[in-house]
Amino acid sequence: MHKQVRVAPTASPADLERLLRQLAEVALEGDEILDPEHPFGVNIVAAGGSRIELGGRFAFAVDHRHQAAAERALEEGGYAGKYKVVTAAERTEDGRLRMEWLVDEPGALAEYVAWVRSDNGSKDRSIKDILVGVERDDQGRVPVQIFSSPDDGDDDDHDHDGGSEAS
């Protein structure tokens, strides 16, 4: 879950269900097929967003083996130019997308958010959205991604310049 896909579910009208069906029905290829009885659909392991059908974005992460299939589904579904793939490892230096495995206990998310807010404050950024995943690592921790944007409103998340920003 080191990548996050951010997409505007545009249709007429905007339709999140259509986007999710596109992801669920894409044909998997080669190593993407985890179960021969189910050769279709990407496994979404975290999801979130804001104002999704009102001009906002749906943000999601998929099993790393399904990343290419997710991008194919978006292209085939007419979302070319309407999504970006943000890689946590490549975005850590500027700090906009952060990914951390948190222990599943009260206060863990609050502590992580406090740390991100503190770091953002010195860089004139605010938290834009949070994804909390469903998978757990071998230590029982849950994945959390936090995406931040500049306080001045200059947010390249809404640039529609084509597919992947980073892969």
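How many aromatic pairs does the structure hold? There are two aromatic pairs, and we will come back to each of them below. Please keep in mind that this is a predicted model.

## The chain at a glance

Let us start with the overall layout. The chain has four helices and seven strands. Read from the N terminus, its elements follow the order β-α-β-β-α-β-α-β-α-β-β.

Of the 167 residues in the chain, 43% are buried. The chain exposes about 8800 Å², and carbon and sulfur atoms supply 48% of that area. Among contacts with a separation of 6 or more, 65% are between residues 24 or more positions apart.

## The largest nonpolar core

A good place to look next is the interior. In soluble globular proteins, nonpolar side chains tend to be buried together. The largest nonpolar core here has 19 residues, and those touching the most other members are V7, L19, V42, F58, F60 and L74. Two or more residues of this core come from each of β1 (3-7), α1 (16-25), β3 (57-62), α2 and β4 (83-87). The element that gives the most is α2, with four residues.

L19 is a handy residue to centre the view on. Setting aside its neighbours within four places in sequence, L19 is in contact with V7, P9, F58, L74 and Y79. Three of the names in that list, V7, F58 and L74, also appear among the core members that touch the most others.

## Helix α2 and its end

Helix α2 covers residues 67-76, and its buried residues are Q67, A69, A70, E71, A73 and L74. L74 is also one of the core residues that touch the most other members. After α2 comes G78, whose phi is positive, near 90°.

## The aromatic pairs

A pair of aromatic rings is described by the distance of the centres and the angle of the planes. F58 and F60 form a stacked pair, at 5.4 Å centre to centre with 25° between the planes. F58 and F60 are both buried.

The other pair is made by Y112 and W115, with ring centres 6.4 Å apart and planes at 10°, so this pair is stacked too. Y112 and W115 are three residues apart in helix α4 (residues 108-121), which separates them by about one helical turn. An α-helix has 3.6 residues a turn, so residues three or four places apart point the same way. Y112 is buried, with a relative accessible area of 7%.

Y112 also leads us to a further core. Apart from the largest nonpolar core lies another of seven residues, among them A108, Y112, V116 and V144.

## Salt bridges

How many salt bridges does a search of the whole structure find? The search finds nine. One of them joins the side chains of R6 and D129, at 3.0 Å from N to O. R6 lies in strand β1 and D129 in strand β6, so this salt bridge ties together parts that are 123 residues apart in sequence. Are these two charged residues buried or exposed? R6 is buried, with a relative accessible area of 1%, and D129 is buried as well, at 11%.

A salt bridge within one helix makes a nice companion to that pair. The side chains of E17 and R21 meet at 2.9 Å, N to O. E17 and R21 are four residues apart in helix α1, which is about one helical turn. E17 is partly exposed, with a relative accessible area of 46%, and R21 counts as partly exposed at 47%.

D119 and R125 form a further salt bridge, at 3.9 Å from N to O. R125 counts as buried, at 10% relative accessibility. Salt bridges that share partners join R98, D119, K123 and R125 into one network.

## A nonpolar patch on the surface

To finish, we can turn to the outside. L109, I130 and V132 make a nonpolar surface patch of about 200 Å². I130 is found in strand β6, which spans residues 125-133, and I130 counts as partly exposed at 31% relative accessibility. Strand β6 is also the one that holds D129, the partner of R6.

Methods
Residues numbered from 1 in each chain as written. Predicted model: local features only at pLDDT ≥ 70, side-chain atom pairs only at ≥ 80, totals over all residues. Heavy atoms only, no water. Patch = residues over 30% accessible without salt bridge, like charges linked within 9 Å, V, L, I, M, F, W, Y side chains within 5 Å. Areas by Shrake-Rupley, 256 points an atom, 1.4 Å probe, with all protein chains shown as cover. Salt bridge = Lys/Arg side-chain N within 4 Å of Asp/Glu carboxyl O. Buried < 20%, exposed > 50% of the residue type's maximum accessible area, 1.4 Å probe, protein only. Core = buried A, V, L, I, M, F, W, Y, C linked by side-chain atoms within 4.5 Å. Contact = heavy atoms within 4.5 Å. Phe/Tyr/Trp six-rings, centres within 6.5 Å; stacked < 30°, edge-to-face > 60°.
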